[in-house]
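Me: I should like a close look at a single part of this model, namely one helix and its surroundings. Please set other helix contacts and a few individual residues beside it for context.

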Amino acid sequence: MAGERADGVPPVVLDAMGGDHGPAETVPGALSACREHGVPVTLVGRAEDLHRELRRHGGLGEVGVVHADGVVPMTESGAGAVAQRSSSLMAGCELARRTGGPFVSAGSSGAVVTCAVRAFGRREGVVRPALAVALPTLTGSTVLIDAGGTTDPTPEMLAGFALLGASYARAVLGVADPSAGLLSIGTEPGKGNRLVREAAGRLAQLPVRFHGNVEGHDVLAGFVDVLVTDGFTGNVVLKNIEGCVRTTVELVARAGIAPPERLAEVARPYTADTHGGAALLGLNGTVVVAHGSSAAAAIARACVVASDLAAGSPPVSDRGVRTARASSAR
């Protein structure tokens with residue numbers, strides 16, 4: 001097993017078989033987290049495959065390895081993953097629970113959420129955990145929640161997401177009195193589908209400043225500290241933002257309006273290599289779900305973010321966004 005961080009945080013437990021690329025990216029990502037950021041990592045997966053990749057990268061002995069035979073396919077949406085107790089996903093969750101360390105996986109979001117709930121358990125009062133991502137905005141950051149954990153929530157669950165997001169904004173972003181908005185098709189009260197209309201009434205009664213509805217074109221405007229939506233819509237929004245930023249930067253580069261290196265600075269806060277993934281809130285433990293397509297750099301960032309969250313400090317990704325924004329303002 002890998003050793004603890006200098007501040008006593010146990011090693012990150014990484015589902016090394018998860019994601020589209022498996023050990024080919026998770027192993028170098030784990031080594032990068034360890035070598036470049038001082039974050040100890042324990043890999044969980046097929047030991048033979050992991051040792052082969054570690055040898056290829058000259059990393060034998062640098063990270064821990066725990067053998068687990070099974071692999072949960074990316075097509076698995078939830079319940080079936082829990083039954084595969086010998087999988088790297090379920091075994092990894094159980095190991096993180098026992099050690100008290102944070103857990104990271106790039107596996108299927110539904111499968112990760114289901115296994116994590118089974119292993120760690122929900123915090124008292126939490127109906128359903130939710131995935132949260134801090135999006136850089138014109139004024140700071142907005143917590144998008146849910147970013148893919150529950151695709152068909154109830155109005156009660158959306159109200160719970162607002163409370164989870166507000167707690168995250170206070171603890172991680174340092175917002176003393178966070179405001180919450182509800183993603184909808186119009187700002188006027190009463191706009192939206194049945195879920196949104198019913199949830200609006202519940203959010204208005206919470207001990208959180210309720211801004212009201214927020215339209216899609218204002219997601220990055222910074223009007224609210226927490227933006228609440230269902231997991232289906234939130235995941236679409238997150239990937240749409242990433243794709244739009246990537247495409248816009250490419251179009252601007254082709255037009256010769258700005259040097260590519262400056263454009264890269266603008267795009268960087270919105271990439272998985274920077275934010276690492278989504279924090280699964282509402283559990284008795286720290287869990288970060290990385291993009292299924294994550295390459296080594298994104299896996300490394302997810303490990304760093306998870307370790308920082310477990311330590312109770314703002315994730316490196318958020319500190320980096322703040323620093324970049326402050327530099328550009330000068």
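Reply: The account below begins with the chosen helix and then turns to other parts of the structure.

The model is predicted, so that local features need pLDDT of at least 70 and side-chain atom pairs pLDDT 80 or more, whereas totals for chains, interfaces and linings use all residues. Residues are numbered from 1 along each chain as its sequence is written, and side-chain values use heavy atoms, with hydrogens and water left out.

The part chosen is helix 5, residues 109-120. Helices (H or I, at least four residues) and strands (E, at least two) are DSSP runs, numbered from the N terminus. The end C-alpha atoms of helix 5 lie 16 Å apart, in agreement with the 16 Å that its twelve residues should span at 1.5 Å a residue. That expected span is 1.5 Å times one less than the number of residues.

Helix 5 is largely enclosed by the rest of the structure, because nine of its twelve residues are buried. Here buried means under 20% relative accessible area, exposed over 50%, and partly exposed in between (1.4 Å probe, protein chains only). The buried residues of helix 5 are Gly-110, Ala-111, Val-112, Val-113, Cys-115, Ala-116, Val-117, Ala-119 and Phe-120. They pack against helix 3 (79-83) and helix 4 (88-99), and also against strand 4 (103-105), strand 10 (278-281) and strand 11 (287-289). Contact means heavy atoms within 4.5 Å.

Both ends of helix 5 have a feature to record. Ser-108 sits in the loop between strand 4 and helix 5 and is buried, at 11% relative accessible area. Apart from residues up to four places away in sequence, Ser-108 touches Pro-73, Met-74, Glu-76 and Ser-77. The C-alpha atom of Ser-108 is separated by 26 Å from that of Ala-169, 61 residues away along the chain. Just after helix 5, Gly-121 adopts a positive phi of about 80°.

Among the partners of helix 5, helix 4 can be described in detail. The two helices pack at an angle of about 35°, and their axes are 9 Å apart. Axes are lines fitted to C-alpha atoms, for helices over the stretch in contact, and angles run from 0 to 180 degrees between N-to-C directions. The crossing of helix 4 and helix 5 is right-handed, the term for a near helix turned clockwise from the far one by less than a right angle (anticlockwise is left-handed). Helix 4 contributes Leu-89, Met-90, Cys-93, Glu-94, Ala-96 and Arg-97 to this contact, and helix 5 contributes Ala-111, Val-112, Cys-115, Ala-116, Arg-118, Ala-119 and Phe-120. By class, these are ten nonpolar, no polar and three charged residues. Ala, Val, Leu, Ile, Met, Phe, Trp, Tyr, Cys and Pro count as nonpolar, Asp, Glu, Lys and Arg as charged, and the others, Gly among them, as polar.

Two further helix pairs may be set beside this one. The axes of helix 6 (residues 155-172) and helix 7 (residues 194-203) come within 8 Å and cross at roughly 50°, so the pair is oblique. Angles under 35 degrees count as roughly parallel, over 145 as roughly antiparallel, 65 to 115 as roughly perpendicular and the rest as oblique. The crossing of helix 6 and helix 7 is right-handed. In this contact, Pro-155, Glu-156, Leu-158, Ala-159 and Ala-162 of helix 6 meet Leu-195, Glu-198, Ala-199, Arg-202 and Leu-203 of helix 7. Seven of these residues are nonpolar, none polar and three charged.

Helix 1 (residues 23-37) and helix 11 (residues 296-311) pack at about 55°, with axes 7 Å apart, and are therefore oblique to each other. Helix 1 passes helix 11 in a right-handed crossing. On the helix 1 side are Glu-25, Thr-26, Pro-28, Gly-29, Ala-30, Ser-32, Ala-33 and His-37, and on the helix 11 side Ala-296, Ile-299, Ala-300, Arg-301, Cys-303 and Val-304. The contact of helix 1 with helix 11 holds eight nonpolar, four polar and two charged residues.

Finally, a cis peptide bond joins Ile-145 to Asp-146, with omega near 15°. Asp-146 lies in the loop between strand 6 (141-145) and helix 6. Gly-234, in helix 8 (residues 231-255), is in contact with Leu-144, Asp-146, Ala-147 and Thr-229, leaving aside neighbours within four places in sequence. Gly-234 is buried, at 0% relative accessibility. Thr-247, also placed in helix 8, is partly exposed, with a relative accessible area of 44%.
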